[in-house]
Amino acid sequence: MELIEIAQLVTGLATLIVASVLIWQMFIQKRTLDIAHNDADASLSFDAVEQKNEINMWFTDKIDQQFLDHANKGLSQMNDVEKAILINWLTSSFIIMITEYRLGRMNRNPDYFKANLTRLLRFKASQEHIKEAGFNNPNSVIKKGLTKIINEVYEEVVGEKLPG
């Protein structure tokens with residue numbers, strides 16, 4: 001073998017070794033990114049649960065039996081303070097849900113969002129507010145998938161389609 005052939009063989013081997021090391025580093029980096037993604041998802045989940053709990057605790061502190069009676073009868077039975085409390089709770093809850101959906105929380109599992117929506121629509125006043133607020137607006141910032149879920153839950157709970 002001549003010197004040039006040996007040099008080419010050594011260069012080829014060196015290139016193969018470097019390529020192997022780079023591929024190995026890419027696998028390590030992917031694993032690290034997967035771990036970081038899982039940590040971020042866990043953090044998002046924890047933050048969402050914490051926010052929901054804070055909103056629900058705030059709501060629970062603001063309501064009493066009279067509020068519940070009025071909310072079960074509808075918006076027309078509520079005074080301005082009760083309406084403000086209900087709408088604030090609904091709006092905050094919807095903002096969190098829309099953000100969760102946008103970020104792909106729970107892989108956008110419809111059952112997760114249906115359970116949350118069912119909880120929000122338990123009052124007749126909530127149902128009326130959702131109907132009035134135009135949550136079925138096709139130009140809404142809500143992604144189409146979540147709009148579909150809102151429509152399904154509204155129809156299940158109320159017994160009629162959400163207008164729009």
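About 30 Å³ of space lies in the largest cavity of this structure, and I should say right away that we are looking at a predicted model. A search of the whole structure turns up one cavity of 30 Å³ or more. Who lines the largest cavity? The residues are Lys52, Ser93, Ile96, Met97, Asn116, Arg119 and Leu120. Two elements each give two or more residues to that lining: helix 3, residues 80-102, and helix 4, residues 110-120. If you sort the lining by class, you get three nonpolar, two polar and two charged residues.

Keep Lys52 in mind, please, as we move on to salt bridges. How many does a search of the whole structure find? The search finds six. Lys52, from the cavity lining, is linked with Glu100 and Arg105 in a network of salt bridges. Within that network, let's zoom in on one pair. The side chains of arginine 105 and glutamate 100 meet at 2.7 Å, N to O. Are these two buried or exposed? Both arginine 105 and glutamate 100 are buried.

Now for a salt bridge that links distant parts of the chain. Lysine 131 and glutamate 160 bring their side chains together at 3.1 Å, N to O. These partners are 29 residues apart: lysine 131 belongs to helix 5, residues 124-133, while glutamate 160 lies in the segment after helix 6, which covers 144-158. Lysine 131 counts as partly exposed because its relative accessibility is 39%. Glutamate 160, at 36%, counts as partly exposed too.

Next, let's go to helix 1. Here the side chains of lysine 30 and aspartate 34 form a salt bridge, 3.0 Å from N to O. How far apart are they along the helix? They are four residues apart in helix 1, so about one helical turn separates them. Aspartate 34 has a relative accessible area of 35%, so aspartate 34 is partly exposed.

Last stop: the surface. Which residues form a nonpolar patch there? They are Met1, Ile6, Leu9, Val10, Leu13 and Leu16, and together they have about 630 Å² of accessible area. Take isoleucine 6 as an example. Isoleucine 6 is found in helix 1, which runs over residues 3-62. Its relative accessible area is 37%, so isoleucine 6 is partly exposed. Why can isoleucine 6 be part of a patch? Patch residues need over 30% relative accessible area, and isoleucine 6 has 37%.

To find all this on your screen, start at Lys52, which is in the cavity lining and also in the salt-bridge network.

Conventions
Residues are numbered from 1 along each chain as its sequence is written. This is a predicted model: local features need pLDDT of at least 70, side-chain atom pairs count only at pLDDT 80 or more; totals for chains, interfaces and linings use all residues. Side-chain values use heavy atoms; hydrogens and water are left out. Patches are made of residues with over 30% relative accessible area and no salt bridge: like charges are joined within 9 Å, nonpolar side chains (Val, Leu, Ile, Met, Phe, Trp, Tyr) within 5 Å. Accessible areas come from the Shrake-Rupley method with a 1.4 Å probe; for residues, only the protein chains shown count as cover. A salt bridge is a side-chain nitrogen of Lys or Arg within 4 Å of a carboxyl oxygen of Asp or Glu. Buried means under 20% relative accessible area, exposed over 50%, partly exposed in between (1.4 Å probe, protein chains only). On a 1 Å grid over the protein atoms alone, a cavity is a set of points where a 1.4 Å probe fits but cannot get out, and a pocket is an open set with protein on both sides within 12 Å along at least five of seven lines; lining residues have an atom within 4 Å of a point. Grid points are joined across faces, edges and corners, and a volume is the space filled by probe spheres set on the points. Ala, Val, Leu, Ile, Met, Phe, Trp, Tyr, Cys and Pro count as nonpolar, Asp, Glu, Lys and Arg as charged, and the others, Gly among them, as polar.
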